[in-house]
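Me: I am new to this structure and would like a close look at a single part of it. Please take the sheet, and say what lies against it.

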Amino acid sequence: MRQWWLLAWTIACFGIGILAGVVRLAHWPHATMLGLAVLLAAVLLLAFGWWSDMRQSRRRQRWQERRLKIVAIGGGTGLSTILRGLKEYQVELTAVVTVADDGGSSGRLRDDFAMPPPGDIRNCLVALADTEPLLERLLQFRFPAGQGLEGHSFGNLFLAAMTHIMGDFESAIRETSRVLAVRGKVLPAVREDVRLRAHLADGSVIEGESKIPEAGGRIELLELVPRDLEPLPDVLSAIASADAIVVGPGSLYTSVLPNLLVPGIADAIAGSSARKIYVCNVMTQRGETDDLSASSHVKAIYKHIGKPLFDYVLVNAAPLPEEALQQYQQQMSYPVRVDIEELNRLGLKVIARDFVHYATYARHDSRKIAEQIVSLLGYERDTRRE
């Protein structure tokens with residue numbers, strides 16, 4: 001409100017000047033009345049400016065006291081990348097994680113102990129934890145050898161042990177979060193044992209999250225087995241109260257869609273007043289998204305849930321180094337084509353910029369993505385964690 005204060009003082013000075021000249025301007029009978037009127041206007045403007053400044057100050061204070069609520073939905077390394085960036089802001093975070101993994105260490109523990117797969121949950125807990133680097137390395141450590149241990153992650157074994165001690169997987173996650181001083185909540189999408197079933201364009205049906213990409217066919221339809229699932233009440237509650245809901249990045253059919261196919265979750269997102277943001281993958285994934293453009297990713301999601309869902313889509317617009325492109329070409333993986341006009345036709349606000357960090361692999365830059373997400377909520381930079 002600086003302009004109001006400046007204007008008020010200007011008018012006040014003008015009025016005072018008129019009053020000061022009243023004696024010399026006695027032949028002008030209206031000089032005194034004009035001076036008083038100008039001074040009154042200045043007083044009113046000063047009062048209005050003071051009131052407006054106080055109101056904005058109280059609003060800023062309430063804004064800072066009320067932590068923005070962000071729900072991030074997905075799985076794999078994509079979700080943990082998003083969480084690492086967002087945890088540096090004073091926001092209330094909830095991660096909703098797919099539990100359809102049936103390969104590797106997670107799959108073995110799932111079969112041996114009849115528990116949900118812990119791998120994606122572990123990655124999210126580590127991403128949100130305030131831990132020493134050594135403890136993070138310990139949780140992510142994978143045994144290179146040993147009968148029954150080879151290939152297992154220590155963090156997965158830790159969660160399996162906690163599940164046995166606490167009696168259920170949700171309690172194990174909650175207590176592990178407390179031990180690791182996790183900033184936020186990590187929730188599995190469902191309690192039930194759920195598996196993925198993909199119907200391919202050639203008519204074949206593939207069951208199992210780890211087997212779907214290996215089939216190498218174009219996926220026409222993905223479904224959950226069983227279908228009569230119920231989302232966690234805490235998941236629906238978090239979505240209902242969220243200021244922003246972030247979906248992706250991650251494997252389209254094996255990390256992102258499994259969450260949205262849980263009955264009730266997509267409807268809850270669609271009915272939420274939150275800003276809904278889809279973070280599109282940087283690269284195509286062989287066996288899942290071969291040749292799919294950014295708009296094709298969105299269309300695949302809409303086809304499966306039966307309705308539009310997102311307000312914004314974040315896409316990478318920066319070229320990758322030639323070294324990275326050659327590396328990915330060997331894996332039959334290519335940059336996702338950003339077709340902005342088609343995305344606009346889907347009713348999406350497109351934010352295209354450099355979102356990539358490249359080291360060994362091209363990954364989303366957690367800091368850049370987080371900055372973009374919170375800026376869409378009007379988050380003030382000076383409230384960021386030091």
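Reply: What follows describes the sheet, then the helices across it, and ends with one loop residue. The model is a predicted one.

The sheet is open and is formed by seven strands, with parallel pairing. Read across, the strand order is 3-2-1-7-8-9-10. At its edges are strand 3, residues 185-188, and strand 10, residues 349-353, each of which pairs on one side only. On average, neighbouring strands of this sheet are turned by 20° against each other, direction ignored. In general, the strands of a sheet are paired through backbone hydrogen bonds.

At the edge formed by strand 3, the partner is strand 2, residues 91-97. These two strands run parallel and are joined by four bridges. Within this pair, Thr94 stands opposite Lys185 of strand 3.

Two helices can be placed against the strands. Helix 3, residues 76-86, lies across strand 1 (68-74), strand 2 and strand 8 (275-279). Its direction is at about 170° to strand 2. Helix 11, residues 252-260, lies across strands 1, 2, 7 and 8, strand 7 being residues 244-247. Helix 11 runs at about 125° to strand 1.

Last comes a residue in a loop. Gln331 sits between helix 14 (322-329) and helix 15 (340-345). Its relative accessible area is 37%, so Gln331 counts as partly exposed. Beyond its neighbours within four places in sequence, Gln331 is in contact with Arg286 and Tyr361. Arg286 is 45 residues from Gln331 along the chain, yet their C-alpha atoms are separated by 7.4 Å.

Methods:
Residues are numbered from 1 along each chain as its sequence is written. This is a predicted model: local features need pLDDT of at least 70, side-chain atom pairs count only at pLDDT 80 or more; totals for chains, interfaces and linings use all residues. Side-chain values use heavy atoms; hydrogens and water are left out. Two strands pair if DSSP finds at least two bridges between them. Axes are lines fitted to C-alpha atoms, for helices over the stretch in contact, and angles run from 0 to 180 degrees between N-to-C directions. Contact means heavy atoms within 4.5 Å. Buried means under 20% relative accessible area, exposed over 50%, partly exposed in between (1.4 Å probe, protein chains only).
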